[in-house]
Every structure is written in structure tokens, then in C-alpha cells.
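Hi there,

Here is the model I promised to pass on to you. My notes on a handful of residues follow below it, for you to read alongside the structure.

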Amino acid sequence: MGARCSKFSFCWWHSHLKPSLLDSSDLENGGKNEKNAFPAFTEFSLDELKMATNGFSPENIVSEHGEKAPNVVYKGLLENGRWVAVKRFNRSAWPDSRQFLDEAKAVGNLRSERLANLIGCCCEGEEKLLVAEFMPNETLAKHLFHWENQPMKWAMRLRVAFYLAQALDYCSSKGRALYHDLNAYRILFDQDGNPRLSCFGLMKNSRDGKSYSTNLAFTPPEYLKTGRVTAESVVYSFGTMLLDLLSGKHIPPSHALDLIRGKNFLMLMDSCLEGHFSNDDGTELVRLATRCLQYEARERPNAKSLVTSLMSLQKETEVPSHVLLGIPHGTATPPQPLLLTPMGEACLRKDLTALHEILEKTGYKDDEGIANELSFQMWTNQMQETLNSKKHGDAAFRAKDFITAIDCYTQFIDGGTMVSPTVYARRCLCYLMSDMPQEALGDAMQAQVVFPEWPTAFYLQAAGLFILGIENDAQEALKEATKLEAKRIKN
């Protein structure tokens, strides 16, 4: 009789695990599901990413420290309907554009089901951005430390450890073994609830930046001496992640190792897991964490051996991740962004030529509902002069002679006989074209005073504020304009 596989041998697990749990070589190129094949790496324009993120709106921020972070991550929606995560670096982070592009392209060559893959970048002037697949189901930190409905199940914790080891093994096999600041915020859950490693950690936060932003108590000992990340440092950080998964808390390795040496490892375990794991499995995971946290870097296991060790510990392999995680399947879609009109898009892009075309095409039809207090001077010479100055202003506006248009429209406004929000809007654009954004903002606000619910007044305020670099207020004005326009279309 031929030798049978023992339940705990590698060959038994290899034959019984679903394809999604197999080794890293099976995880490239979107696996066997061609429908989810990974997109090619793309160099995006800054305008495309502005559009995707609603002008880098604070409401789109998904990174842990919000606007205070030196490098902020936004969720965005590309024109093709794909959700993305956009990391915007501090302007001084990568002074060498070529180095940034080379690094981004190298990371962008990686493709695995275990990574939130890098699908593009942008490098324009001082702006440097990375674009990755968007993961809609939060971070490991959220599910492990700040859970709301249920603590993370033991089987899911084991799966997170295993998938993370597979991700690191895949990166190592492709010559990208270094991962900067591996922590619970770097593990993200996709639409199926599967954990993935963020690609952002495969690049430093800056050319010369620190590789660890976390508390020094969690930093590999050799990094404290040399300031350099090695493949062994990444395994040490993996050990701290195992402690997180065991305890449900972010425990400093030194404290955890004291408990383990004193044979008090059960004190380390998350109390929520009581009765849900066997002592043998707990002991095995603690032993693995201890090996990863060895003071001497050379005594730590490599990523491939982590995969082998964790494979035999997997539980409930037939249960989908979203079920283990306790989340609805396929419904975690981020909220829809503002659906911008052509005028809104032009404001976001600061495309003054497009704004000029729109105002020219619209003409004065929005003035029709504005009551003008006309005096008995209506047909006097003064009135005729006022109308002539508007007419000359319109001719200059059409001919893009913006300085003349400003003079003519100013005469019309100063004449005081008629009030026209469109004239304020047109003079506002002339000021923007003449590099006078402060004056333009004043006119846009005056147009709002004359016609409080006019979308154009808010659009032009947004354009002026974007040009002045006052992004948050610009976003608010853009939102108000979009809302008013939608209301107008509805009516």
C-alpha cells in the first residue's frame, strides 16, 4: 500500500487547500480569474488624479493621520470607473524625479493577489504621487484593535499571518525584499475580505526618509544601530505583527518576550479568543513570533520558511474571508464622489480657457430672473452709455482682450444703472486670466450677493480659491455649486 499523506504534512495541505491558499507563485497575474487581471502600470497626469480625488478633497482622505500626515492617501475614482488609493508625497520628499520614477516603476512591476498593487504614479514638477488598487474594507488595525461588531476570529488571524507571509515571500522572490514600516495599518482588506499588503511600504516615504515611523519599542534592534532596513528587519516587523494577532493589542516585543520566557504566553493571548484555539496552535504561533524577534538578525527565519510554517496552521480554509471577517460581501463600495459638470471639471483643472468658452456660450440667459431697479433715466444718455460699455466689454471678452473687457465692465458696474451677475462673472474670469485672483474672488462673491443661488458664482469662487491655493474652501464652493446645479436641473 502506497504511503499516505499525514494530515499535518505539507503534501496533504497542498492537495486540500483551495487555490487561494496556495504558494506565492500561483498568485501572480490575477491568478486564474482573467476577469480580475491586474491593470498595467500607468503614468497619470496630475489633472487626472485631481479629478479622481475631487481636487484632493479632505473628505477623500483615507490615511490614518488625516491631513496632518506628511504624505496623505486619498481614495479616488478614475474615469474608467476603477477605485484607487492615491498617495501624495510631501513636496520635498523626492527632489530627484528620475529616482522617484525608477522606484515607482520597479514596484509597479509587481503583481500579486496578496498585494494592494501599485498601478501607476504621477511626477509633475514638485508633485509626486503613487496610485494603487483601492481596498474598501479597512485596515488590520481597525479590525483587530478597534472592532465594533465582533473580534477577529482565530482562523482569520491565522489567514492574515499566512497571506502576509506569502506577500513578503513573493516580493522577496522578485528582488523587493525590503518593506518599510510594516505594521497593522499596512494590511488592507479587499472586496472579498482577503487581507493584502499595501504596496506603498515597498517604497520609502522619501528619498532619504526614515523607514520606521512607529514607536522605537517596535523597531528592529539593528535598524537602531545602522538606520538601514534589511530583509531580516522586515521579518522582525513580521514578528511584531504576529504579536498583534495573538494579543489583539499592540504590545512592545520586549514585554511580550518577557511573558513568553516566563512561560506566561497565555497572558499574552487576546481574552476574546478564549476557548476558540488549541494550546498547540497558540504555542506554535508564539514560537514563530519568538524566532522572528531574535536579537541577532541572522537567527530569524526567511519569508519562505514563514509560509511553510503558517500553512499547516490554517483553519476553516473553505470559509470565505468575508464570512470570517463578519462583513457583507461586495457591498463595501466607497461613497460616490461629486459628479462634476463640465464647469465644475474646468474649475478643478483650473482650465480658464474652458471656463471662458462656457461663459461665452451661456451668454446672459441667467440674468433673466434678476430684478433690476431701473430709474427714469432708463432712456437717458447715461443709460445708453452704460449699455454701450457692456457691449464693448462683451466684444473684448469674446476677442479675449481681457484688460479692455475689465475696463468696459468696470464702467458698466460703476454706472450703477443695472445689476448683472453675468457681468461680475465675466469680469471675474478676466481677472483670473490677468493673474489677479484676489480681485476675481471679490467679483465671484459679488455675483453671489446679486444672485444667491447661482451655481456659476460658486464655481468661479472655487476656481479663484483653487488658484490661490485655498483648497478646503475651494472644495466647499465646488460642492455648493454642484448641489445648486443639480437642484436647478431637477426643477
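His356 is buried, because its relative accessible area is 4% (buried means under 20% relative accessible area, exposed over 50%, partly exposed in between, with a 1.4 Å probe and protein chains only). This histidine sits in helix α14, residues 352–362 (helices are DSSP runs of H or I with at least four residues, strands are runs of E with at least two, and both are numbered from the N terminus). Neighbours within four places in sequence aside, His356 is in contact with Phe397, Arg398, Lys400, Phe402, Leu429 and Met433; contact means heavy atoms within 4.5 Å. From His356 to Met343 the C-alpha to C-alpha distance is 10.0 Å, with their positions 13 residues apart in sequence.

Before going on, please keep in mind that this is a predicted model: local features need pLDDT of at least 70, side-chain atom pairs count only at pLDDT 80 or more, and totals for chains, interfaces and linings use all residues. Residues are numbered from 1 along each chain as its sequence is written, and side-chain values use heavy atoms, with hydrogens and water left out.

One of the contacts of His356, Lys400, deserves a look of its own. Lys400 belongs to the loop between α15 (381–398) and α16 (402–415), and its phi is positive, about 60°, although it is not a glycine. With 47% relative accessibility, Lys400 counts as partly exposed.

Glu138 is another non-glycine with a positive phi, here about 70°. You will find Glu138 in the loop between β6 (127–133) and α4 (140–145), where it is partly exposed at 43% relative accessible area.

Is Thr422 buried or exposed? Its relative accessibility is 3%, so Thr422 counts as buried. Thr422 is part of helix α17, residues 421–433. Again leaving out neighbours within four places in sequence, Thr422 is in contact with Gly363, Tyr364, Asp367 and Trp454.

Lastly, the surface. Asp47, Glu48, Glu79 and Glu124 form a patch of negative charge there. Patches are made of residues with over 30% relative accessible area and no salt bridge (a side-chain nitrogen of Lys or Arg within 4 Å of a carboxyl oxygen of Asp or Glu), and like charges are joined within 9 Å. Of this group, Glu79 lies in the loop between β2 (72–77) and β3 (83–88), and its relative accessibility of 85% makes it exposed.

Best wishes

Methods
Patches are made of residues with over 30% relative accessible area and no salt bridge: like charges are joined within 9 Å, nonpolar side chains (Val, Leu, Ile, Met, Phe, Trp, Tyr) within 5 Å. Accessible areas come from the Shrake-Rupley method with a 1.4 Å probe; for residues, only the protein chains shown count as cover. Lys and Arg count as positive and Asp and Glu as negative; His and the chain ends are not counted. The place of a charge is taken as NZ of Lys, CZ of Arg, CG of Asp or CD of Glu.
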